[in-house]
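Trainee: Could we go through this model together, one question at a time? I would like to see how each answer is reached.

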Amino acid sequence: MPDTVTRDVPPSHLRTFPLLPLRDLVVFPHTVVPLLVGRDRSVRAVEEAVRGDREIVLCAQKVAQTNEPSPDDIFDVGTIGLLTQLMRLQDGTLKVLIEGRRRCRVLRYNWGGDFHSAVVAPFVETGLSPSLEMEALSRSLKTSFDVYAKLNKRVPAEAPAAIIAIDDPVRLGDAIVAHLTVRRLEDKQALLSQSDVKRRLEKLYELVQGEIDVLQVEKRIRHRVKKQMEKSHRDYYLNEQMQAIQKELGENDEFKAEIADLEEKAKQKKLSKEAAQKVKKEIKKLKMMAAMSAEATVLRNYLDWVLSLPWGEYKEEKLDIAAAEQVLDEDHYGLKKVKARIVEYLAVRHLAEGPRGPILCFVGPPGVGKTSLAKSIARATGRDFVRISLGGVRDEAEIRGHRRTYIGALPGKIVQAMKRAGTSNPVFLMDEVDKMTQDYRGDPASALLEVLDPEQNHAFCDHYVDLDYDLSRVLFVTTANTLHGIPAPLQDRMEIIRLPGYTDVEKRHIARRFLISKQRQENGLKDVPVAFSTRAINTIIHRYTRESGVRNLEREVAKVCRKIAKRVVRAGGKEAVTGEGFRVTSGSVPRYLGVPKFRYGVKETRDQVGVATGLAWTDTGGELLNVEVTLMPGKGKLTVTGKLGDVMKESAEAAMSYVRSRAVRFGLDPDFYQKLDVHIHLPEGAIPKDGPSAGITMATALVSALTGVPVRRDLAMTGEITLRGMVLPIGGLKEKSLAAARGDIRTVLIPIENEKDLKEIPKSVAKTMTFRPVEHMDEVLRLALSPDDPDVFFDRLDGKTMKSLPEPSRVTSQSVGAN
């Protein structure tokens with residue numbers, strides 16, 4: 001401590017005592033506290049006090065966790081205590097009883113040695129003179145403590161009387177603190193250190209009032225909890241009494257009535273032999289159980305599920321083929337394969353009794369009507385319709401259900417759907433079958449193998465029901481966008497029907513027959529004349545949508561109808577519309593729908609060198625695909641760009657190898673590739689492209705760029721190329737042909753093996769175009785290239801002459817643009 005403080009106190013008033021630092025504890029005068037002393041220096045300080053006059057200084061540590069405190073870690077106001085009892089324990093710890101005598105102020109610490117000691121001076125207190133204010137404060141404090149003692153059961157019963165008998169304000173405050181629950185050490189130390197008695201009592205009064213508020217809240221909480229518990233016990237007791245009374249009066253019949261109801265249902269159901277035995281056994285077991293037991297609840301739920309299923313309850317089918325065709329045509333335009341398959345099924349049902357239900361899988365892009373087609377099938381056949389979505393299902397138990405041993409167990413989606421259907425022969429739609437996943441809980445696709453196998457599904461066993469259930473008469477329909485997500489064994493069990501997407505002609509018919517009338521109805525324009533021109537519908541299809549289905553087309557038609565509805569309301573309502581009403585034309589479409597969102601393929605305006613027109617299939621239909629080739633001085637590097645997949649990149653390499661193998665016939669140096677870098681690019685680089693069908697297009701563009709001979713602009717091609725120049729078949733010819741027709745292409749080169757697919761192309765498209773089947777790349781070049789001297793070029797190509805062709809650099813702009 002500073003020497004200046006020491007000089008203010010007469011030396012005769014200073015005394016030195018052993019020091020005992022305390023953790024989380026402040027000892028006040030006139031209180032007795034038990035302590036356990038374990039630190040070595042503290043033990044020796046107690047032993048030193050015992051050898052003397054048994055007095056020791058008690059000071060609180062600022063931080064209780066400090067094991068070896070320094071003078072700065074200890075408060076400088078403490079209490080001189082008297083050791084009244086001492087006991088040494090076996091581990092060397094001292095158990096002492098200390099009585100607080102008086103406050104003291106520490107002036108200096110003697111640190112080090114065997115124990116710590118402190119030089120202390122008497123603690124000077126002020127404000128001791130009697131006054132009315134001090135008397136009022138003392139009375140208020142006593143009254144508040146009396147309230148506190150009644151709320152806090154830990155305060156001894158004799159304490160309030162002892163407190164009331166104290167007249168000395170200093171002793172009153174110290175006595176109350178001894179019984180008060182002060183949570184913060186700093187608050188207790190502040191009371192000990194306060195020299196003004198009046199302020200000390202005011203601070204103490206605040207603490208007592210705060211504790212009273214806390215105790216009153218605790219009391220209210222205890223009372224509320226106790227009341228709730230008493231109500232629960234009371235309800236339980238009354239329920240038990242009521243059950244006992246019902247038992248005595250013979251009225252315990254709710255449970256019996258429930259069992260009787262289950263038995264009646266079991267008699268009425270056409271249960272299988274196995275199911276009837278199981279139900280009988282479970283009802284017998286239920287009779288022996290207590291009504292309120294957990295096991296009885298589980299058993300009742302099980303019996304409810306089993307008896308709510310349709311067992312042998314078949315709905316009569318409509319076998320009228322003509323009526324079914326009419327219903328299907330009313331709901332959907334086109335889709336001839338699917339409609340034919342349903343009619344075939346009905347014809348077989350008409351001739352043969354009890355054939356198994358077909359298992360169909362509709363595969364096609366979004367929006368082509370897969371889900372709505374399943375509903376139409378149900379309407380056409382007169383069956384009930386039920387649907388489950390398998391998108392995101394990853395737990396095998398979602399299909400087969402959980403075993404009854406699990407809490408909250410339920411049947412799987414199949415059994416739940418059959419319960420909703422109410423008959424044993426519904427049209428059962430499993431939507432998004434390609435979106436299932438698998439994890440540690442099993443593979444739901446594997447669980448479907450039994451459901452969708454005609455040889456097994458007559459005895460489908462759900463884990464929860466645990467009985468064989470006949471699904472053989474169910475007409476299962478599954479839908480998928482692609483087959484990639486469906487395991488091969490599951491594909492093998494289904495009859496896959498592809499819905500390739502609607503052609504422009506089909507979209508136009510759908511818009512006229514279904515979408516426009518539907519949106520007029522939904523947007524309040526049923527009585528308002530609204531007409532869409534054919535060119536307006538084509539504009540919406542080509543410039544505002546890019547899809548195989550018609551969902552976005554319907555949205556755009558709805559948007560036009562909403563704009564017209566707004567104009568009708570602003571004009572004063574339907575009555576204000578006169579004349580022809582509203583006619584939407586190709587020129588007015590942008591006013592309703594804004595700037596066109598898409599461009600659709602059109603042919604080049606002139607023949608060009610190194611540019612060939614191909615045909616591509618996408619999820620949204622066919623597209624024109626321009627292939628560009630440019631040459632640069634280099635070392636033979638081949639670059640292919642346009643966000644291409646691996647298969648298309650390999651096609652580019654195959655095309656390059658074909659050209660190199662026939663370099664002499666093209667009038668090129670055999671080592672030309674060592675001096676040039678070749679860059680093949682497919683525009684619209686943000687759109688992913690893949691597949692082998694652009695092989696002959698890339699080969700044609702390569703030959704054109706290397707020889708300087710332009711490619712015909714009115715011709716498109718599709719086909720896979722081999723290293724020998726053979727042209728292999730491709731898919732999606734129908735969609736590709738429609739794309740060529742949209743782009744005003746008049747000649748299309750196709751692989752000779754795809755000649756059989758020309759039957760699928762609409763007649764309205766086929767009659768405007770010429771399809772040229774080709775077998776070899778030489779035939780493609782003969783039809784696609786437009787050289788200045790065809791005889792010389794093609795004789796060279798056929799190997800009849802070795803006359804060199806002009807160098808690419810000599811080709812003039814006039815020859816490039818020649819037709």
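Trainee: Which helix holds Met229?

Mentor: Happy to start there, keeping in mind that this is a predicted model. The residue range to look at is 197-249, and Met229 is found within it. That helix is H7.

Trainee: Is Met229 buried, partly exposed or exposed?

Mentor: Buried would need under 20% relative accessible area, and exposed would need over 50%. Met229 has 48%, so it counts as partly exposed.

Trainee: About how much accessible area does the nonpolar patch with Met229 have together?

Mentor: Good follow-up! Met229 shares this surface patch with Val217, Ile221 and Val225. Together, the four side chains' residues have an accessible area of about 320 Å².

Trainee: What span should helix H3 have, and how far apart are its end C-alpha atoms?

Mentor: H3 covers residues 132-151, which makes 20 residues. The expected span is 1.5 Å times one less than that number, so it should be 28 Å. The model agrees, as the end C-alpha atoms are apart by 29 Å.

Trainee: Which residue in the loop between helix H2 and strand E3 has a positive phi although it is not a glycine?

Mentor: That loop lies between H2 (40-51) and E3 (55-60). The residue has a phi of about 70°, and its relative accessible area is 30%, so it is partly exposed. It is Arg54.

Trainee: And what is the phi of Glu432?

Mentor: Glu432 sits in the loop between strand E9 (427-431) and helix H16 (444-451). Its relative accessible area of 26% makes Glu432 partly exposed. Its phi is positive, near 55°.

Terms used:
Residues numbered from 1 in each chain as written. Predicted model: local features only at pLDDT ≥ 70, side-chain atom pairs only at ≥ 80, totals over all residues. Heavy atoms only, no water. Patch = residues over 30% accessible without salt bridge, like charges linked within 9 Å, V, L, I, M, F, W, Y side chains within 5 Å. Areas by Shrake-Rupley, 256 points an atom, 1.4 Å probe, with all protein chains shown as cover. Helix = DSSP H or I, 4+ residues; strand = E, 2+ residues; numbered from the N terminus. Buried < 20%, exposed > 50% of the residue type's maximum accessible area, 1.4 Å probe, protein only.
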